[in-house]
Amino acid sequence: MNWSKYSAPQAFYPLAGRLIPWFAVVAVALMGVGLYMGFFVAPTDFQQGESYRIIFVHVPAAWMSMFLYVVMAIWAGVGMGLNARLSFMMAQAIAPTGAMFTFLALLTGAMWGKPTWGAWWVWDARLTSELILLFQYAGVMLLRTSIDDMRRADRSSAVFSLVGVVNVPIIYFSVQWWNTLHQGASVSMSTGSKMAATMLMAMLIMTVAFWLYSIAVILARVRCIVVERDSLPVWDEKLAVIQEAVEAR
Amino acid sequence: MNRSSMWEAVSGVVKRDLLLAMRRRSDAAMSVFFLVIVASLFPLGVGPEPAVLKTIGPGVLWVAALLACLLSLSRVFTADYVDGALEQMVLVPQPLAVLVAGKVFAHWLISGLPVVLLSPLLGLQFGLDGEPLGVLVLSLLLGTPTLSMIGAIGAALVLGVRGSGLLVALLVLPLYVPVLIFGAGAVTGSMAGVGGEANLSLLGASLVLSLFLAPWATAAAIRIALE
């Protein structure tokens with residue numbers, strides 16, 4: 001099977017349309033399971049009480065916010081390297097979802113910080129770097145919308161996303177050396193997890209759910225972008241209608 | 001292409017930009033006055049207590065230097081973009097990234113170096129003296145070229161874009177965060193008695209990294225803008 005044909009927006013459009021329901025349904029199902037486990041099955045934390053339960057949204061959202069930035073930059077880089085329009089469209093589609101998760105991570109962090117640290121906001125390393133990540137998402141999106149020429153908009157925002165990808169780790173470490181109040185990571189690849197198994201399970205399920213949700217939403221947005229940019233009719237639906245009309249005759 | 005022709009091209013770019021700046025001296029003076037005014041507004045806003053001013057001094061001066069650099073960014077490429085000189089620079093056989101480095105160096109000489117030279121005076125206004133004052137000058141000397149380097153990427157990205165003045169601030173300021181942290185951190189560290197060496201080393205590392213990467217990103221952005 002020749003996969004490269006799906007790099008053409010026209011071919012990708014119906015494929016994305018077929019994939020979206022699958023990702024969406026599984027995402028909703030896993031979100032239901034993950035939230036149920038997080039809120040009803042996972043034990044109460046002996047230090048933080050019930051307020052810790054927001055981590056089942058907070059931690060996956062924070063992971064996704066950083067992961068999506070990298071994915072966006074990869075698509076931007078692929079677009080620059082191969083001059084593929086669909087790659088730029090993917091990068092464009094990822095930015096709003098990434099910004100949404102960044103905002104969600106900040107919001108849930110503030111909601112957790114108030115009962116636990118006694119403050120909505122503290123200038124801690126991770127909070128600060130997450131905030132700056134939000135600024136960078138905003139920069140990518142604003143740069144794109146300020147440029148009317150689509151080709152230049154694609155390539156300029158690609159350059160900025162790639163510059164940002166170099167900068168994000170530097171920002172992360174600089175603010176970490178600058179000030180740290182945030183608790184250390186409870187989940188780590190090298191030492192394993194320090195949390196209860198059900199907590200970890202719920203968090204991982206939520207991460208997968210957010211991941212699938214992102215794919216579904218991004219594919220839907222790519223479809224909109226394809227239609228908008230090529231000012232073409234909505235292919236498959238339109239074609240089906242035409243075909244039906246032809247057959248009826 | 002031999003090395004001497006490349007060197008000639010770079011020094012030609014630097015000389016030309018310096019000459020243009022000399023012809024319009026008020027442009028260069030503006031960012032310096034901006035720095036002085038912004039730095040003078042803070043004591044008026046937070047009150048004249050020497051202890052408070054000493055605490056906020058390094059941060060305020062660094063933020064002011066950062067904003068002064070930001071305001072002068074539009075001068076790096078805009079005039080050349082409008083009159084077509086930038087297109088000629090893309091066409092010459094010497095690599096664009098090297099010419100860009102020359103232009104950024106000229107920009108630093110015009111708007112960064114005066115900030116460095118003026119900083120001891122402003123530092124005195126905030127009650128800094130002795131070693132912290134020296135560290136402030138040194139940190140600005142290492143940090144302002146990095147600001148020019150990173151800023152050039154943003155300046156090239158917004159060439160000919162509507163609302164470019166605000167947009168360049170939104171793009172570049174988040175990228176300035178590490179430099180601000182290291183720079184102000186060096187001065188506060190030296191005031192606290194732990195020394196500013198670690199942060200100064202990090203500033204030096206940022207400078208080297210930006211010297212290495214930023215001209216290429218800027219050159220790519222210029223090519224995109226001129227397409």
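**Exercise 1. Which residue just after α2(B) takes a positive phi?**

Go to the end of the helix in this predicted model. Helix α2 of chain B covers residues 25–46. Just after α2(B) you hit B:Gly47, and its phi is positive, at about 100°.

**Exercise 2. Work out how the span of helix α2 of chain B fits the expected value, and which of its residues are buried**.

Step one: the length. Helix α2 of chain B has 22 residues, and its first and last C-alpha atoms are 33 Å apart. At 1.5 Å a residue you'd expect 32 Å, so the span is close to that, given that the expected value is 1.5 Å times one less than the number of residues.

Step two: burial. The buried residues in α2(B) include B:Ser31, B:Leu35, B:Ala39 and B:Phe42. Keep the helix geometry in mind here: with 3.6 residues a turn, residues three or four places apart point the same way.

Step three: the cover. Among the elements lying over the buried residues of α2(B) are α3 (50–72) and α6 (96–125) of chain B.

**Exercise 3. Is B:Val13 buried or exposed, and which residues does B:Val13 touch?**

Start with the address: B:Val13 sits in helix α1 (residues 3–23) of chain B. Next, count neighbours. B:Val13 has 24 C-beta neighbours inside 10 Å, so it counts as buried, the cut-off being 20 or more.

Now the partners. Leaving out residues up to four places away in sequence, B:Val13 touches B:Leu99, B:Gly102, B:Lys103 and B:Ala106. For a distance check, take B:Ser111: 98 residues from B:Val13 in sequence, and 16 Å away C-alpha to C-alpha.

**Exercise 4. Describe the overall build of chain B**.

First, tally the secondary structure: nine helices and zero strands. Then look at size. The C-alpha trace of chain B spans about 55 × 35 × 30 Å along its principal axes. Its radius of gyration is 18 Å, close to the 17 Å from the globule rule for 227 residues, so chain B is as compact as a globular protein of that length.

Finally, the packing. Buried residues make up 47% of chain B. Of the contacts in chain B with a separation of 6 or more, 80% link residues 24 or more positions apart.

**Exercise 5. Which element of chain B gives the most to the side that touches chain A?**

Begin with the totals: the contact takes 22 residues from chain B and 22 residues from chain A. On the chain B side, the elements giving two or more residues are α7 (131–157), α8 (164–192) and α9 (197–226). The top contributor is α8(B), with ten residues. By type, the chain B side divides into 18 nonpolar, two polar and two charged residues.

Conventions:
Residues numbered from 1 in each chain as written. Chains lettered and ligands numbered in written order. Predicted model: local features only at pLDDT ≥ 70, side-chain atom pairs only at ≥ 80, totals over all residues. Helix = DSSP H or I, 4+ residues; strand = E, 2+ residues; numbered from the N terminus. Buried ≥ 20, exposed ≤ 12 C-beta atoms within 10 Å, placed from the backbone. Contact = placed C-beta atoms within 7 Å. Nonpolar A, V, L, I, M, F, W, Y, C, P; charged D, E, K, R; others polar. Rg over C-alpha atoms; globule rule 2.2 N^0.38 Å.
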